Amino acid sequence: MDIAALLTSAGINIALCVVLFTLYSVLRKQPSNRIVYFGRRLASVQLRSNNDDPFSLERFVPSTSWLIKAWEATEDEILAVGGLDGVVFQRILVFSIRIFSIAAVICMFLVLPVNYYGKERQHKRLGAESLDVFTIGNVQEGSVWLWAHCLALYTISCSTCALLYFEYKSITKMRLAHLKGSQTNSSHFTVLVRSIPFVPGESYSDTLKKFFTTYYPSNYLTHQMVHHSGVVQKLMDEAERMCKMLSAVSSDGGSLRPFCFCTSSTLSFHILSDQPESVDQPESVDGSIRYSDFEVAPPDNECPVAFVFFKTRFAAVVATQMLQSTNPMLWVTEQAPEPLDVLWSSLSIPYKQLWLRKIATLLAAIVFMFLFLVPVTFVQGLTQLDKLSKTFPFLRGLLKKNYINHVVTGYLPSVILMLFLYTVPPAMMLFSSIEAPVSRSGRKKSACLKVLYFTIWNVFFVNVLSGSVISQINVFSSVRDIPLELAKAIPTQASFFMTYVFTSGWTALACELMQLFTFVCNLIKKFILRNHEDAHDWLMSFPYYTEVPRVLLFVLIGFTCSIMAPLILPFLLIYFFMAYLIYRNQMLNVYIKKYDSGGLLWPVVHNTTVFSLVLTQIIALGVFGIKDSPVASGFTIPLVVCTLLFSEYCRQRFLPIFKKASAQVLIDMDREDENGDRFEEIYDRLRTAYCQIQLTSHELRPGRAGTRVTDATEDIPGSGGPKTGSFLRGVLRWARFMCPLRRAES
């Protein structure tokens, strides 16, 4: 590929981004699109517009106000609306911007000139110059200038390790603060018990109560059984029909409310008063029925799964860390997820089936990965016109045209690959659902890892080692040849990765900003079906399982191409800056927070970044060997060893905080609650915390704690424009953004 083809791909994608950004800045001002572009704010406060004038000119003028608001948003605001998971995702982007800013400076001014003038040759005009002359492949074998690449590799590696350490340390402190700040989190007192043994003549509930009152007499509080989901659905349908029959009762002062899945002895419907005390307090003065007085399923429909509540956090953690029986397949305990994080459909699946499901999904994912080699190989064929012309002779005349040539080689391959990759996240989410995780966050983390491994294998390794499927298998039949093969292939595939950054990076971000699918559905609903009500059922949480692998893939591409083909670094920096602003805007306006895993994705990010760095060093070692530079190769070996030692230190120092709870923190929290006489209030809340039939969506309650209500009306159509910050505040914001030491010291 030459410079002209690269510029053609860049021009097409820049034009698409400009069009989509312009459309977004106009469409977001239309009152009919509020649920699409301001879903989170509309869910956190009941907003009524004061200016819906259809002839207002301001509504049809593009503006950059959303960029200003996204830039001026503080980390505390992101923490309030997106939780610690949202802050961790933003830290990934900030880390990427910092490290690739360093890499771009040193590689563009030191490595790129060495690559360009690495061989004595007659250079063409810039537009007709091949991209290969900007890669390390253009450096003469045995050249003394390879020290520049070794120096750049050392600078990038040391900077990466330093920044990773500061980020890991800072996020660990934030996770501990998150744990200490969640005093009312019911999951701290709750243990999920699975594989309860069947005892003839006893229900699962009686068996569980007898077991825990025998072995945990001083710490056991109560428990709540899980019922088969089919029973739950049947009861929901019956309740809906009953509510329709008794809808007239609400006009008499009472109201019908859905009830949760708790234990008692009554099976009848009751009219609950509108007073909150009748629901929250264990006993109501006026004699109204509380939610925990209902039992909606007989014992025959119980699953061998239950939530067991303990009197202290420390007792619950101790119960999860020990075997409860001599048979490890019985009385299996683990820390319960947050109430809104529970995946109820997975709890009814027998525990003994889980390992079979994991093996089945692993095999299915491997088969899907190899089937994906077909479109990837086809895409790589488009980048090689000589092979394409031989395979399809009727295209020779068409491919001789410059514009068609530039589009086919520079734009079409990455677009086709991106379209095929859109099928990967739903497939991996399906595989993760089959594994039956107990929490939604666990399912998303599992899907995130699958998508990450899949994209690294197919987008990076398969594209780098392009060719037929048989040749790729032959390449990996000899492990010793992998570094050499990668060292030969990466400089030649740098042009494809550049175009991939344009399409799957720039244009995909513009599509994320536009929310194309939700926008089209909203358009059909309001202008074709004539339903003008804003349905909150459309609100979604942030798709970490698709966006985290995408960002980490670009981190991998950036590291491996930094000294091999540094021309890609400015394009990657543009992507990370765009992602930083766009994702902040989406978190502030679009996506809601249903639950918070407490930043559990950061160890995945850290390990993937270290893997990318070590892979870069191994590839550089192979390149230095090919280029006959023993000095550079000798200096690279200790760099690999030091990076692995750094990774092991971080694993020992920080990773346990993300896997286990600290006894010191939990005991201190228990003592604070005991001294403040808050345990009774917590126990009352525990009895109705885990409801298999949810009452309402927590994110739809107006004036919810932690939400800045005054901010919810800013920059929404019909409620006034944004307040632009001063120039000095912007300068200070940039200084804080680029300095990681401030967070590490705080």
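Which residues touch the most other members of the largest nonpolar core? In this predicted model, that position is held by Phe89 and Phe576, within a core that comprises 144 residues. The element that gives the most to this core is helix H5, which spans residues 75-116 and supplies 20 residues. The surroundings of Phe576 can be described in further detail: when neighbours within four places in sequence are left aside, the residue is in contact with Leu93, Ser96, Ile97 and Phe100, and also with Val551, Phe554 and Val555. A second core, separate from the one described above, consists of 19 residues, among them Leu192, Phe309, Val438 and Phe679.

At the level of the whole protein chain, the secondary structure consists of 31 helices and four strands. Of the 746 residues in the chain, 53% count as buried, and the accessible surface amounts to about 34200 Å², with carbon and sulfur atoms accounting for 63% of that area. When contacts in the protein chain with a separation of 6 or more are considered, 83% of them are between residues that lie 24 or more positions apart.

Among the helices, H19 was examined individually. Helix H19 runs through residues 440-464 and contains 25 residues, and the distance from its first C-alpha to its last is 35 Å, which is close to the 36 Å expected at 1.5 Å a residue. This helix is also mostly covered, with 18 of its 25 residues classed as buried.

Notes: Residues are numbered from 1 along each chain as its sequence is written. This is a predicted model: local features need pLDDT of at least 70, side-chain atom pairs count only at pLDDT 80 or more; totals for chains, interfaces and linings use all residues. Side-chain values use heavy atoms; hydrogens and water are left out. Helices (H or I, at least four residues) and strands (E, at least two) are DSSP runs, numbered from the N terminus. The expected span of a helix is 1.5 Å times one less than its number of residues. Buried means under 20% relative accessible area, exposed over 50%, partly exposed in between (1.4 Å probe, protein chains only). A nonpolar core is a set of buried Ala, Val, Leu, Ile, Met, Phe, Trp, Tyr and Cys residues joined through side-chain atoms within 4.5 Å. Contact means heavy atoms within 4.5 Å. Accessible areas come from the Shrake-Rupley method with a 1.4 Å probe; for residues, only the protein chains shown count as cover.
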